[in-house]
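Hi,

Here is the structure I promised to pass on to you. Have a look at it first, and then read my notes underneath.

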There are 2 protein chains.
Amino acid sequence: MAAHRNTIDTIADRAGVSISTVSRVMNKPESVREEKRKRVLMVMKELDYSPSPLARGLATDSLGLIGIMVPNITNQANARIVYAAMDRLEQSGFRVLLFDSREDFEREMEIYRSVPKKMMDGIIIIFGNGENSDYLALAEGLPVVLAGPPNLGIPIDRLSSDEPAGFRNLVKYLHALGHRKISFFYGSIKTKGGQRRIEYFRRAMEELNLACPEERLIDCSWTLEGGYEAAGRLLAEKDFPTAIIGSSDQIAIGAMRRFLEDGLLIPGDLSIVGFDNSPMARYVTPSLTSLDFPHGALGEKAAELMIAKVRHRECGHEELVLPLEVVIRESTAPPSERRRESQ
Amino acid sequence: MAAHRNTIDTIADRAGVSISTVSRVMNKPESVREEKRKRVLMVMKELDYSPSPLARGLATDSLGLIGIMVPNITNQANARIVYAAMDRLEQSGFRVLLFDSREDFEREMEIYRSVPKKMMDGIIIIFGNGENSDYLALAEGLPVVLAGPPNLGIPIDRLSSDEPAGFRNLVKYLHALGHRKISFFYGSIKTKGGQRRIEYFRRAMEELNLACPEERLIDCSWTLEGGYEAAGRLLAEKDFPTAIIGSSDQIAIGAMRRFLEDGLLIPGDLSIVGFDNSPMARYVTPSLTSLDFPHGALGEKAAELMIAKVRHRECGHEELVLPLEVVIRESTAPPSERRRESQ
DNA sequence: TCTCGTTTTGAAAGCGCTTTCAAAAAAAGA
DNA sequence: TCTTTTTTTGAAAGCGCTTTCAAAACGAGA
């Protein structure tokens, strides 16, 4: 069957009006006399007509698509942001074009290069790993919203979480429990996120006059496996910390598993905190103290900024910073006297 | 800056040829004499020209976009499939339009209704929750690939995992360990997946002559929280099982946490198995025995079917079934004599 | 009933590309 | 050198919509 696609002409014919009128019924209904409008609407319903987004897009220079770039959609933190953003975008009639850089910076850039800008009305970049200049260049041809990293001093709409404060609170909390030796599994040094957080962590430690020697800063990939593997390396060290912070819950949970396998008691022998407060954090054993990251809010806000931008074609750039809060669970406690030395 | 967008005319002018020639250089380069071709290519490079996908789409009736529908992108199982599918699609030059039904059947249908079919070249539906007739109707206007549920007897490309065999193996494994009372947290009865798996589980139990009374079939939402909550309900029952199967790792892990909180030993008092073999399964404690679901293969295969379909405009329908394998970890063991009654 | 100011309508010109068709150019054959 | 065949090219007609502009229809005031 599939009666050959109806076009605006079909509708115009059947309704006995011109295509301009049909077009108006769709776009500025109040400018069409009621009688005709109803007639056109009827025909449209009857023929189950829906206008070609391509033709409309070509004429209006807008397809109603918003791109979303993520480092890795299988990472739940990414997915939660996308989920929230999509919801908001959909409400405003936009569809989502998803791009995944697979945590590869080159690939991210290659995508910006290869995807025709006209294909989307704008792009939301989540945890982008490029330079400010890259995004600035991109933003010349396309509305851009940067979500995740702060990207300071760049005239582009962007929003981030207050990581400096988050780390300050986290370290303060551990300090209050009595911890002095704290290791930080910062993620990968190859990522902007990893580099940045090392700084924030360092500063937070300094503020409390806590030592932060190099060996307390541990590189690992942003995965369960990465945390697990890095924990193994740490176990070989002599100067063992009393607490560790993971740059994501994944890293923390991976590490926790490794320590548990080694017979350590958590939080007895070692306190662990994560970052993200992913749903899983509540359900692992021991449950994981974590820094709550407002994924939903971030996605929603990013979508809103984008919608405003696309709608009003405004060029002003907003900057939003969302708070991070410590969520205390079972994986943290005061350090016990019985330390690892006892083995 | 952003010099006003270059069009094919600009290129034609600057290269001193007609737009037809420019078009040919892009689409059938071998039909253009080398000299001109090079000249055009040069100009294109110089002006950093890229053709409007919209105009091209309008003319060729194809935008190069493939839709992917998922129930919930924050569910890692979904995300892994999308990740794999995207990779494959990208290799063939397609982009991905993501749709999320938010586990709402009505919403899923609404999306099919509202998104103009011309907007994409085809759609891959992952764990769709509609009726065969719904998909059949959809497939009239658009290439469709169904991935996840078997959707038997429907002339649409589809692929699924061999759930009947998976459950058979799983139950056989538990039976071999000595388990007789097995509860199944099947997910939500409102979902096709839940309904279907009840059947498979029942059949697997029957084959081993194991009783499968109603109270062993437990409804829960497909989340960590769902498993946790359902486990709480189960704890109130008298006839406690010696093993439980979760319809997803999430459910299993949520349930496990609840049992652990109640002081049960796992696998001592209760064996638990999940479904999916998500990355997390290895890292929870105790690590989770699970049925390995080939998310990557599923996504990749789905993408391949779609690509073939779109390319050759073929109407034949393929059906692929992927195997599920039991991955044994720490959460399962023979039932101990010391049972819950001992409390 | 006739103007004049409004509102409503349709014709036509794009939007930027592909593709057909016939003409022009090049190559091959005589 | 002159045909004939083959290859390469450009003009023009879409693809399905929006939008401008001017004409047509309408309603109000005189």
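Before anything else, one term: two residues are in contact if their C-beta atoms, placed from the backbone, lie within 7 Å. Also keep in mind that this is a predicted model.

**How the two chains meet**

With that cut-off, 40 residues of chain B are in contact with 40 residues of chain A. On chain B's side, the elements that give two or more residues are α4, α5, β2 (95-100), α7 (132-141), α10 (224-235) and α11 (249-261). Which of them gives the most? That is α5(B), with 6 residues. Sorted by class, chain B's side has 26 nonpolar, 8 polar and 6 charged residues.

Now try superposing the copies. A turn of 180 degrees and a shift of 0.0 Å along the axis lay chain B on chain A, with an RMSD of 0.0 Å. This is how a two-fold axis relates two copies. If you want to find the axis on your screen, look for L97(B): its C-alpha is the one in chain B nearest the axis, 2.3 Å from it. Both copies use the same surface, too, as 100% of the contact residues of chain B recur in chain A.

The strands join in across the two chains. β2 (residues 95-100) of chain A pairs with β2(B) in the antiparallel sense, over 3 bridges. You can spot this pairing at V96(A), which stands opposite L98(B).

**From that strand into chain A**

β2(A) has another partner, inside its own chain: 6 bridges join it to β1(A), and these two strands run parallel. One bridge to look up is the one between V70(A) and D100(A) in β2(A).

Is β1(A) covered or open? Strand β1 (residues 65-70) of chain A is mostly covered, with 6 of its 6 residues buried. L65(A), G67(A) and M69(A) point one way, while I66(A), I68(A) and V70(A) point the other, and all are buried.

**A helix to look at in chain B**

Back to α5(B), the helix that gives the most to the side touching chain A. This helix covers residues 76-91, 16 residues in total, and reaches 23 Å from its first C-alpha to its last, close to the 22 Å expected at 1.5 Å a residue. Why do we call it largely enclosed by the rest of the structure? Because 12 of its 16 residues are buried. Among the buried ones are Q76(B), R80(B), Y83(B) and L89(B). After the helix comes G93(B), which has a positive phi, near 85 degrees.

**The DNA**

There are two DNA strands to look at, C and D. Start with D: 26 residues surround this strand, and the closest are I8(A), S23(A), A55(A), A59(A) and S18(B). The elements giving two or more residues to this surface are α2 (19-27) and α4 (53-60) of chain A, together with α2 (19-27) and α4 (53-60) of chain B. The largest share, 6 residues, comes from α2(A). By class, this surface has 11 nonpolar, 10 polar and 5 charged residues.

Then turn to strand C. Here 26 residues surround the DNA, and the closest are S18(A), I8(B), S23(B), A55(B) and A59(B). Helices α2 and α4 of chain A, plus α2 and α4 of chain B, each give two or more residues. For strand C, the largest share is 6 residues from α2(B). The classes come to 11 nonpolar, 10 polar and 5 charged.

Happy exploring!

Methods:
Residues numbered from 1 in each chain as written. Chains lettered and ligands numbered in written order. Predicted model: local features only at pLDDT ≥ 70, side-chain atom pairs only at ≥ 80, totals over all residues. Near = placed C-beta within 6 Å. Helix = DSSP H or I, 4+ residues; strand = E, 2+ residues; numbered from the N terminus. Nonpolar A, V, L, I, M, F, W, Y, C, P; charged D, E, K, R; others polar. Expected span 1.5 Å × (residues − 1). Buried ≥ 20, exposed ≤ 12 C-beta atoms within 10 Å, placed from the backbone. Least-squares fit on C-alpha atoms with pLDDT ≥ 70 in both. Pairing = 2+ DSSP bridges.
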